[in-house]
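Visitor: I should like to learn how helix packing and pockets are read in a structure. May we work through an example together?

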Amino acid sequence: MPQKTGVVGLDVAKNKADGCIRSAGRRLSAPSTPEGEAELVAWVRANRVGRAVMEASGGYERSWAEALRAAGVEVVIVDPKRIRHFAKAAGRLAKNDPIDAETIAWFAETFPDREVQTHDPAREEVDRLVQARTALKELEGRIAQQGEHGPPALVAKALGAIAKAMRAELRKLEAAIAAKIKANPAFARRAEIIGSVPGLGDQAVAGLIVWAPEFGRIRNEAAAVLIGAARLRRRQRRAQRPAIKGGRRKLRNLLYMPVMGAATQHNPVLKAYYQRLRSPRARRPRSLSSPACAS
């Protein structure tokens with residue numbers, strides 16, 4: 001059997017996917033239907049493709065990835081920012097679906113990253129539940145904000161009813177997430193370890209399980225870079241300090257409040273500093289006659 005060595009770049013949209021195999025100079029555009037997926041699978045098999053690279057595209061890439069994996073093709077889903085920066089560095093400013101597919105294929109050939117994350121259907125299932133819970137929580141926050149501005153009684157009543165229904169659905173999602181984690185021995189063990197950290201509740205635990213499966217196998221420094229919390233030193237003006245950048249934003253957003261709460265309650269140094277900042281004396285505005293405000 002011929003060895004599969006080719007690489008295909010896929011630009012996935014809502015209604016179709018465009019593929020490009022640069023090494024063979026071949027292209028394909030297939031509709032987002034079962035027939036289109038079968039056509040793509042037959043095409044990559046005919047061209048001895050062993051790896052497919054595509055951008056994360058809000059979930060539209062999921063069915064294509066599943067079809068390719070079922071056909072024995074290794075699938076890599078890349079952060080769109082990496083492709084965008086690669087295209088800019090290459091001076092490729094034109095943009096349409098066939099060009100994007102070729103750019104993705106070029107990126108895949110330039111950076112043949114062999115550290116591919118193993119596809120885990122169980123983790124993906126929990127991931128989709130956690131993402132749904134996060135989206136619903138954000139929507140709940142926007143509904144609550146609308147109710148803070150004194151809306152008419154009819155609007156306030158409608159917002160209250162929506163908020164009540166959303167809280168009920170959130171409880172169902174959270175129960176489903178907890179059940180999935182409990183039913184998987186590996187997830188349950190990780191949940192036990194992560195949950196032992198003060199301040200991390202059930203949702204932070206679930207987020208770490210599905211969005212940071214590398215934790216436990218990488219060093220602390222790499223973990224900080226992974227979530228975008230590492231202080232990166234760059235060539236800059238003397239007055240500027242190292243800043244954090246990159247990483248997995250949704251994981252960082254999920255962890256921000258739990259980590260802040262844990263740090264200000266359980267870390268003696270940060271707790272003392274936090275309490276000092278919140279003391280009435282620290283919050284008291286300086287008078288205009290104070291030396292610090294004098295011109």
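Guide: The following dialogue takes up three helix pairs and then a pocket. Please note that the model is predicted.

Visitor: At what angle do the axes of α1 and α2 cross?

Guide: One begins with the two axes and the angle between them. Helix α1 covers residues 34-46 and helix α2 covers residues 61-70; their axes come within 10 Å and cross at roughly 45 degrees. An angle that is neither under 35 degrees nor in the range 65 to 115 nor over 145 counts as oblique, which means that α1 is oblique to α2. The crossing of this pair is right-handed.

Visitor: Which residues of α1 and α2 meet?

Guide: On the side of α1 they are Gly36, Glu37, Leu40, Val41 and Val44, and on the side of α2 they are Ser63, Trp64, Ala67 and Leu68. By class, this contact has six nonpolar, two polar and one charged residues.

Visitor: How far apart are the axes of α3 and α4, and at what angle do these helices pack?

Guide: Helix α3 (residues 80-89) and helix α4 (residues 97-110) have axes 10 Å apart and pack at about 90 degrees. Because of that angle, α3 is roughly perpendicular to α4. From α3, the contact draws on Arg82, Ile83, Phe86 and Ala87; from α4, it draws on Thr103, Ile104, Trp106, Phe107 and Thr110. The classes here are six nonpolar, two polar and one charged.

Visitor: What is the handedness of the crossing of α5 and α8?

Guide: α5 passes α8 in a left-handed crossing. Helix α5 spans residues 121-146 and helix α8 spans residues 202-211, with axes 9 Å apart and a packing angle of about 135 degrees. The two are therefore oblique to each other.

Visitor: Which residues make this contact between α5 and α8?

Guide: Arg123, Val126, Asp127, Val130, Gln131, Arg133 and Thr134 in α5 meet Gln203, Ala206, Gly207, Ile209, Val210 and Trp211 in α8. Divided by class, these residues are six nonpolar, four polar and three charged.

Visitor: Let us turn to the pocket. How much space lies in the second largest pocket?

Guide: For a pocket, one reads the volume and then the lining. The second largest pocket holds about 720 Å³ of space. Its lining has 24 residues, of which Val197, Leu200, Ile227, Leu255 and Val259 are the closest to its centre.

Visitor: Which helix gives the largest share of that lining, and what are the classes of its residues?

Guide: The largest share, ten residues, comes from α10. At least two residues each are supplied by α7 (185-195), α10 (249-266) and α11 (268-278). By class, the lining of the second largest pocket has 19 nonpolar, three polar and two charged residues.

Notes. Residues are numbered from 1 along each chain as its sequence is written. This is a predicted model: local features need pLDDT of at least 70, side-chain atom pairs count only at pLDDT 80 or more; totals for chains, interfaces and linings use all residues. Side-chain values use heavy atoms; hydrogens and water are left out. Axes are lines fitted to C-alpha atoms, for helices over the stretch in contact, and angles run from 0 to 180 degrees between N-to-C directions. Helices (H or I, at least four residues) and strands (E, at least two) are DSSP runs, numbered from the N terminus. A crossing is left-handed if the near helix is turned anticlockwise from the far one by less than a right angle, and right-handed if clockwise. Contact means heavy atoms within 4.5 Å. Ala, Val, Leu, Ile, Met, Phe, Trp, Tyr, Cys and Pro count as nonpolar, Asp, Glu, Lys and Arg as charged, and the others, Gly among them, as polar. On a 1 Å grid over the protein atoms alone, a cavity is a set of points where a 1.4 Å probe fits but cannot get out, and a pocket is an open set with protein on both sides within 12 Å along at least five of seven lines; lining residues have an atom within 4 Å of a point. Grid points are joined across faces, edges and corners, and a volume is the space filled by probe spheres set on the points.
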